[in-house]
Amino acid sequence: MAMQLPAHDAWPDTNYLLSRVLAEDQPKLAQWMTTVPLELGQVLYEPGQRLEHVYLPTAGIISLIVVMPDGRCAETAAIGCEGAAGMSASGFVDTAFTRFQVQLPGSAQRVTAAAFEDMVDDSVRFCSAVSRYRDVLTRTTLQSVACNALHDVRRRCARWILLTHDRTDGDRLPMTQEFLAAMLGVKRNAISKVARDLQAEGIVEHRRGKITVVDRDRLLSIACDCYEIIHAEVEKLLSNVLSSECDD
């Protein structure tokens with residue numbers, strides 16, 4: 001079992017949803033939150049397990065991965081510091097439909113499912129941010145599904161690297177070709193060819209289980225339009241407009 005990190009000393013505003021909470025509301029919400037590490041490859045939930053906790057990443061990325069009966073898998077969504085993983089659609093404790101696995105290591109604020117609903121009820125701004133995020137997550141997931149069906153591996157790979165790069169502080173992304181192939185739902189040799197080509201073109205470097213973004217502009221020119229569409233949807237989350245269902 002992973003060692004729990006110390007409780008946070010300051011309000012964890014590197015998570016976008018938590019950054020919307022007013023200072024006057026922070027003490028009552030903080031009582032429900034615990035700081036936990038997100039370790040590379042850590043599985044938070046398998047399909048069918050109860051979503052008893054919600055994770056709000058303050059660093060790192062959690063992938064939602066569909067696992068097929070034959071063991072093949074593909075990523076359907078990635079959640080970083082802009083959102084929360086494990087939210088119930090009903091407001092009650094549901095079961096996971098996908099595998100929740102840490103794609104990039106970091107940390108998160110963990111709250112029980114019941115406490116998360118209390119946090120939504122106790123802060124209008126947090127409620128509004130969560131409401132918008134649920135919609136954005138649905139839209140970006142649908143776009144990813146279309147992308148996986150219609151675009152070639154090279155363009156999808158560029159899109160995936162860019163979206164991951166957006167959620168990190170540096171240019172080095174800890175990931176193996178096996179992991180990247182699994183996220184995109186393709187064979188390892190397809191990713192190996194794309195990685196070799198991108199490295200030969202001076203766009204990325206790949207060594208020792210890490211991909212380093214060398215030329216982001218050229219990576220942008222390769223990526224499919226889905227990157228800009230998904231990026232724009234996430235940017236909408238930055239609005240401070242209150243949702244009507246969250247008004248007092």
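This section describes the strand pairing, salt bridges and cysteine contacts of a predicted model.

The sheet is considered first. Three strands make up an open sheet, in the order β6-β8-β7, and their pairing is antiparallel. Strands β6 (172-174) and β7 (204-207) occupy the edges; each has a single partner strand, so one side of each is left without a neighbour in the sheet. From one strand to the next, the twist averages 20°. Strand β7 is joined to β8 (residues 210-213) by 4 bridges, and the two strands run antiparallel. Across this pairing, His206 stands opposite Ile211 in β8. In general, the strands of a sheet pair through backbone hydrogen bonds, in either a parallel or an antiparallel manner.

Salt bridges form the second group of contacts, and the structure holds 11 of them. One of these links the side chains of Asp70 and Arg72, with an N to O distance of 2.8 Å. Both partners lie open to the probe: Asp70 is exposed, with a relative accessible area of 52%, and Arg72 is exposed as well, with a value of 59%.

A further salt bridge brings together the side chains of Glu201 and Arg154, at 3.0 Å from N to O. Glu201 lies in the loop between α7 (188-200) and β7, whereas Arg154 belongs to helix α5 (residues 153-166); the pair therefore ties together parts that are 47 residues apart in sequence. Glu201 is partly exposed, its relative accessible area being 29%. Arg154 is likewise partly exposed, at 28%.

Within helix α7, Asp197 forms a salt bridge with Lys193, and the closest N and O atoms of this pair are 3.0 Å apart. Because the two residues are 4 residues apart in helix α7, Asp197 and Lys193 are separated by about one helical turn. Asp197 counts as partly exposed at 27% relative accessibility, and Lys193 also counts as partly exposed, at 46%. Elsewhere, Asp135, Arg139 and Glu233 are joined into one network by salt bridges that share partners.

The cysteines were examined next. A search of the whole structure finds 1 disulfide, which joins Cys127 to Cys246 with an S to S distance of 2.0 Å. The torsion about the S-S bond of Cys127 and Cys246 is about -70°, so the disulfide is left-handed. Cys127 is located in helix α4 (residues 124-150) and Cys246 in the segment after α9 (226-236); consequently, the pair ties together parts that are 119 residues apart in sequence. Both ends of the bond are shielded: Cys127 is buried, with a relative accessible area of 13%, and Cys246 is buried, with a relative accessible area of 6%.

Other cysteine sulfurs approach one another without bonding. The sulfur of Cys224 is 3.5 Å from the closest cysteine sulfur, that of Cys147. A disulfide requires sulfur atoms within 2.5 Å, so the separation between Cys224 and Cys147 is too far for a bond. Cys224 counts as buried, at 2% relative accessibility. Cys226 is in no disulfide either, the nearest cysteine sulfur, again that of Cys147, being 3.8 Å away. At 2% relative accessibility, Cys226 also counts as buried.

Methods: Residues numbered from 1 in each chain as written. Predicted model: local features only at pLDDT ≥ 70, side-chain atom pairs only at ≥ 80, totals over all residues. Heavy atoms only, no water. Pairing = 2+ DSSP bridges. Axes fitted to C-alpha atoms, helices over the stretch in contact; angles between N-to-C directions. Salt bridge = Lys/Arg side-chain N within 4 Å of Asp/Glu carboxyl O. Buried < 20%, exposed > 50% of the residue type's maximum accessible area, 1.4 Å probe, protein only.
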